[in-house]
Amino acid sequence: MIEIDDPRRDDVRQLLEQHRTFASGAMPPEGVHVLDADDAGDETLTFVSLRVDGELLGIAALRQLDADHAELKSMHTSAAARGRGVGRALVEHLVAVAAARGVRRVSLECGSDEAFVPARSLYASAGFEPCGPFGGYEATPENVFMTRLLG
């Protein structure tokens, strides 16, 4: 079940840290744009988790950039749950949340390294297409940007 969650919760914090470790292993420090538990008070952020029988399988967030544009952030699936559709479920859920809010475009920033190929493939299969930087990001060789127009 996907529900709004608190990034300060112990298991969520641990999965966020695993996400940071993964990203840090593939990108220079200035290229790592992972949320952390301190972002819990950010009113522009909707943080969700996917749990089955209480076990945390994945996390993701949606940041409202403006009335028409939102960003998919810090999506990560636990190693044990990979290949089970957790990432797709999280993407589809947050795109639906954005659409319900009247958002017209959802964008994301992702690593360009080989380690991020599965994530980029998932996003492409969910209708995201390459785009330029947005929301204060700068283009570097280590990142790519993708966006999806809604309804």
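A residue is taken as buried when its relative accessible area is under 20%. By that cut-off Glu71 is buried, because its relative accessibility is 4%. The model examined here is a predicted one, and the same vocabulary of burial serves for the rest of the description.

A helpful place to start is the overall layout. The protein contains three helices and seven strands, and along the sequence these elements follow the pattern β-α-β-β-β-α-β-α-β-β. Of its 151 residues, 44% are buried. Contacts reach well along the chain: among those between residues at least 6 apart in sequence, 61% join residues at least 24 apart.

Helix 2 offers a neat check on geometry. It runs over residues 86-100, and its 15 residues should span 21 Å at 1.5 Å a residue; the end C-alpha atoms are 21 Å apart, so expectation and model agree. The buried residues of this helix are Val86, Gly87, Leu90, Val91, Leu94, Val95 and Ala98. Because these cover an arc of only 160 degrees around the axis, they fall on the same side of helix 2. Just after the helix, Gly102 adopts a positive phi of about 85 degrees.

The nonpolar interior comes next. In soluble globular proteins, nonpolar side chains tend to be buried together. Here the largest nonpolar core has 26 residues, and Val91, Val106, Tyr123 and Phe128 are those with the most contacts inside it. At least two residues of this core come from each of strand 2 (45-52), strand 3 (55-66), strand 4 (69-77), helix 2, strand 5 (105-111) and helix 3 (117-125). Helix 2 gives the largest share, with six residues. Another core, of eight residues, lies apart from this one and includes Leu16, Leu45, Phe47 and Ala61.

Phe128 is worth a second look. Once its neighbours within four places in sequence are set aside, Phe128 is in contact with Val91, Val95, Val106, Leu108, Tyr123, Met146, Thr147 and Arg148. Val91 and Val95, two of these partners, also belong to the buried residues of helix 2.

Charged side chains make up the next part of the picture. Side chains of opposite charge can pair when their charged atoms come close. Across the whole structure, seven salt bridges are found. Arg9 takes part in a salt bridge with Asp5, at 3.3 Å from N to O, and in another with Asp11, at 3.9 Å from N to O. These three residues are linked with Arg51 in a network of salt bridges. Their surroundings can be read from accessibility. Arg9 is partly exposed, with a relative accessible area of 41%, and Asp11 is also partly exposed, at 26%. Asp5, by contrast, has a relative accessible area of 12% and is therefore buried.

The buried Glu71 of the opening returns here, since its side chain meets that of Lys73 in a salt bridge of 4.0 Å, N to O. Lys73 has a relative accessible area of 6%, so this residue is buried, as is Glu71 at 4%.

Finally, the cysteines. The structure holds zero disulfides. Cys110 has a relative accessibility of 6% and therefore counts as buried, whereas Cys131, at 24%, counts as partly exposed.

Terms used
Residues are numbered from 1 along each chain as its sequence is written. This is a predicted model: local features need pLDDT of at least 70, side-chain atom pairs count only at pLDDT 80 or more; totals for chains, interfaces and linings use all residues. Side-chain values use heavy atoms; hydrogens and water are left out. A disulfide is a pair of cysteine sulfur atoms within 2.5 Å. Buried means under 20% relative accessible area, exposed over 50%, partly exposed in between (1.4 Å probe, protein chains only). Helices (H or I, at least four residues) and strands (E, at least two) are DSSP runs, numbered from the N terminus. The expected span of a helix is 1.5 Å times one less than its number of residues. The arc is that of the directions from the helix axis to the C-beta atoms. A nonpolar core is a set of buried Ala, Val, Leu, Ile, Met, Phe, Trp, Tyr and Cys residues joined through side-chain atoms within 4.5 Å. Contact means heavy atoms within 4.5 Å.
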